[in-house]
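Work through the exercises below with the model open. Try each task before reading its solution.

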Amino acid sequence: MINKASIKEAMGKGSSGGGDLQEPMRNQSIWQKLAVLVSGKSLFFIFAFFVIFPFIVPYKALATQIIIWGLFALGYNVCLGYAGMLSFGHAAFFGIGAYTTGIILIRLWGNLWFSLFSGFASALVLAFILGFLSIKRRGIYFGMLTLAFAQLVYFIGFQWVDLTGGDNGLRSIPAVPLSFFGFSIDIYSPLRFYFFVLIFVGLSLLMLNLLLESPFGHVLQAVRENDRRAKSCGYETSSVRWLAFIISGGISGLAGGLYALYLHFVGIESLYWTTSGQVVMMTLLGGMGTFIGPFIGAGVFLFLEDVLSRLTTNWMIFLGVIFVLCVLFFPTGIWGTIKDHAMRKEKG
Amino acid sequence: MEWTAVIMQLFTGLSLGMLYVLLALGLSIIFGLLTVVNFAHGAMYMWGAYAGVAMISVTGNFWLGLMAAPLLIGCYGLIVEKALIRPLQGRDINYPLLLTFGLQFIMIEIVRMFWGTSDQPFPPPEALSAPLGLFGAFYFPSYRLFVICITSVVCLLLWVFLEKTNLGLIIRAGTRDPLMVRALGIDMTRIWWIVFGIGSGLAGMAGILASPIRSVFPEMGLAMLVECFVVVVVGGMGSLKGAILSGIIMGEASCLTALIYPQMSDIVIFLVMAVVLLIRPSGLFGKAGLLE
């Protein structure tokens, strides 16, 4: 897969890069300070924010929903933001993670760790296969191929009624207590479940932060910026992209598994391509290619959905308009725009 | 298996395939010239159907609806191009795609606001509701026959337009080398505008033609859009010949599978796509390396 020598080489290069935000800055505005705080090195502040987060949103289930979708968008952003591949097939990973987790809890073994791990692993395997089939094509073709293959997965899920419940969805996923070195804890109060999800979100954030700061992360961004040049530097660009796609798929699968536990149910629409579309919208809304942007996007999207759906049944039209305006006027998303603004101020 | 059933199913497949062709042609010329992947194409198809519903409820005449739908949706396409797509010129190729993706949800919601979420009844016109007997053995639904005829005529007209007229010449040149065409003093922006209108009009027409065969509901374009992407990818992006051939292949594949193993009929086109792409990565008639 990835050339070991090239990674070692990148390690030498990588350590010097990405340090531009740590330089001391005078006369910082609030936005600048905020941007520096959350710019990757300060994971601590992100965690601190997540700990108080359920207490500042209207109700705790919404907070849980936001961090689950935020995790999904975070995983998706590895593909779109860092590798520059517009995938329209991530519903397949989210869905297969959700279904695998649910099916294992119902039929095989009522162990949360094992079922979530299986959901994660199944998404990894699926991403490996779909990646193999579509990674060779770039740009628009890649998007359409991932969309088509994900739709294939959807139809398989739809038809395989014995396993997935088909159109009715996978029902009555048991509320298994969390077992931990012989202890078992009930995690199904809203607040407890939030913190249970937060463990996985936190681990993923930590891992992704390490990954994106690592030589691999730098090579990945080099491939996004200029594939040909990265190739002539000796990197196996399609393997790099493939690996990013697999990681991205795995995290999406984990988010899917958590979502299945959260709802005790998996709907067939979790595999449908509009789910992929939703995560694309969240990522773009928050700011693709920024570390924390997807979370903000998921938060804003779900918060708006929550508020608007209480006012009108046609809430989607407002989200659609916001999204279209965002594409037209704020292509770097909410967080990207804030960051750009801070950067501009810093310069002049 | 009855061989008459096979022939009937081939015929049904052809009528479905021709609808794919109509939609894929629109997607393909828009893509070939503007390099815009129009995610709102499915929603335009749906709007075509609803334009038909509205027209028929007002005038009670299918034929008026059939004429109005492509015109209305074509004009709508002109507006969309001018107001939304044009400002994105010069930006990354993904932005128009994302914009039209958002647009389709707005379009779906607008229809939901006026007609609700339920299916709309859409019977075929009186004159085409009786089946047409042939050799005393086959009874073809005459509406499907009509769909095949009229889409063939539209394809022929489009071919004549692209091959024999000056504008068609400019369009063909524009897909090859837009910079050179511009250098010759031709306003490509206007050409893009017109082509987007034509593509949208074709989608609107496919919408109203499909209404008596498939059911009319706000999300009808979502699944159709993906099927059309498959058709365009298999045919080769930007290739009209490819779009026609692969549209017919996909229609037949889907309908013949329905005869043998109905559960697979939705899945088979994706399998065909996977096989074609493994053998010919740029589709049947696609050029390698186009827009990658």
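**Exercise 1.** Which residues does B:Val233 touch, not counting residues up to four places away in sequence?

*Solution.* This is a predicted model: local features need pLDDT of at least 70, side-chain atom pairs count only at pLDDT 80 or more, and totals for chains, interfaces and linings use all residues. Residues are numbered from 1 along each chain as its sequence is written, while chains are lettered from A and ligands numbered from 1 in the order in which they are written.

Start with the test: contact means C-beta atoms, placed from the backbone, within 7 Å. On chain A, B:Val233 touches Tyr141, Met144, Leu145 and Ala148. On chain B, the partners are B:Met273 and B:Gly283.

**Exercise 2.** Find B:Gly102 and state whether this residue is buried or exposed.

*Solution.* First, locate B:Gly102 in helix 4 (residues 94-115) of chain B. Helices here are DSSP runs (H or I, at least four residues), numbered from the N terminus. Next, count: B:Gly102 is buried because 26 other C-beta atoms lie within 10 Å. The cut-offs are 20 or more for buried, 12 or fewer for exposed, and partly exposed in between, with C-beta atoms placed from the backbone. Last, list contacts beyond four places in sequence: A:Gly320, A:Phe323, A:Val324 and A:Val327.

**Exercise 3.** Describe the side of chain B that touches chain A.

*Solution.* Count residues: 32 of chain B contact 33 of chain A. Then rank the elements: helix 4 of chain B gives the most to this side, with 13 residues.

Terms used:
Contact = placed C-beta atoms within 7 Å. Helix = DSSP H or I, 4+ residues; strand = E, 2+ residues; numbered from the N terminus.
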